[in-house]
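Student: I'd like a close look at one part of this protein: the aromatic rings and what sits around them. Could you take me through it slowly?

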Amino acid sequence: ERVRDAVALTALTPTAAGMPAANLRDPQPRLRARFTGGAASVLIDFGTATPVEAVALISTNLSANATVRWRLGTLEVPNAAHDSGTLPAHTGDEANGNVVLLRSGAASARYLLVDVADTSLATIDIGILAAGPLWRLGRGMAYGFREGRLTLGQRDRNPLTGAEFVVPALANPRFAAFTLPALSRAETADAHRDLVRRLGAARDALWIPETGDTRAETNRRAIWGAVNQQGEEAAAARGSFPLLNRAFRIVERL
């Protein structure tokens, strides 16, 4: 993810008092930037040419009517390296308002311009704007991976009367638990080491289970959260002579 470390992030449309565009770089998704009106435009200056293969809007209030466009270029009005065109967001509450946009390979440029529109909303809220290259695995997940939600609601029971007192959670975050069983030595020496070094336990990443899914399904399955847990020995294990493996458990950060 490269936006958090970018030289500058500028809102080209008005934002609400107390909810500036700078909130897009805050690691807490619920600390959102609020754009007044039914449109939002944000310009990111990476400072130097930076590879971008994916752009993600995390924790938004966008509806099924929303559209998104992202452009890369060398000028302050990006125009050349990539233009996604205007695309339907295909998001909603089930996906936490997340929108994940991919291209077939990385394009490098200094500037990234992201435009969002939703005519059904008076204000647009966005928690995190993330962009950067992908680690595309040479081999997929092992059988037995799990995807679902961490249920946080409470059901306290009176041991005398048997009555239940239910306290529903405000949200039940999505989670994924899986093993990458066949990492090459090159992947562990380069991409995996870089992931552990850059993120540690305090920074988050975007897990995209299948890049061939529709945008709607990608939004429902992709998870923004920690890939290295606090105190974990984040390492790949040598499962055979040519291959290594590592297990992950990612819980959505809300």
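How many aromatic pairs does the count come to?

Tutor: First, a word of care: this is a predicted model, so local features need pLDDT of at least 70 and side-chain atom pairs count only at pLDDT 80 or more, while totals for chains, interfaces and linings use all residues. Residues are numbered from 1 along each chain as its sequence is written, and side-chain values use heavy atoms, leaving out hydrogens and water.

Now, the count is 2 aromatic pairs, where rings of Phe, Tyr and Trp (its six-membered ring) pair if their centres lie within 6.5 Å, and planes under 30 degrees apart count as stacked, over 60 as edge-to-face and the rest as tilted. Take Phe178 and Trp207: their ring centres are 4.0 Å apart and their planes are at 10°, so this pair is stacked. Phe178 sits in strand β12 and Trp207 in strand β13, so the pair ties together parts that are 29 residues apart in sequence. (Strands, E, are DSSP runs of at least two residues, and helices, H or I, of at least four, numbered from the N terminus.)

Are these rings buried or exposed? Phe178 is buried, at a relative accessible area of 5%, and Trp207 is buried too, at 12%. Buried means under 20% relative accessible area, exposed over 50%, and partly exposed in between, using a 1.4 Å probe and protein chains only.

Phe178 also pairs with Phe248: the centres are 5.6 Å apart and the planes at 20°, so that pair is stacked as well. With Phe178 in β12 and Phe248 in strand β16, the pair ties together parts 70 residues apart in sequence. Phe248 is buried, just as Phe178 is. Put it all together and ring pairs link Phe178, Trp207 and Phe248 into a cluster.

The strands of that cluster turn up again with helix α1 (residues 185–199). Its buried residues are Glu187, Thr188, His192, Leu195 and Leu199, and they pack against β12 (174–184), β13 (205–207) and β16 (243–251), with contact meaning heavy atoms within 4.5 Å. In general, an α-helix has 3.6 residues a turn, so residues three or four places apart point the same way.

Two more rings have a charge for company. Arg238 lies over the face of Phe241, 5.5 Å from the ring centre, and Arg249 lies over the face of Phe175, at 5.6 Å. The rule here asks for NZ of Lys or CZ of Arg within 6 Å of the ring centre and within 35 degrees of the ring normal.

Note on methods. The expected span of a helix is 1.5 Å times one less than its number of residues.
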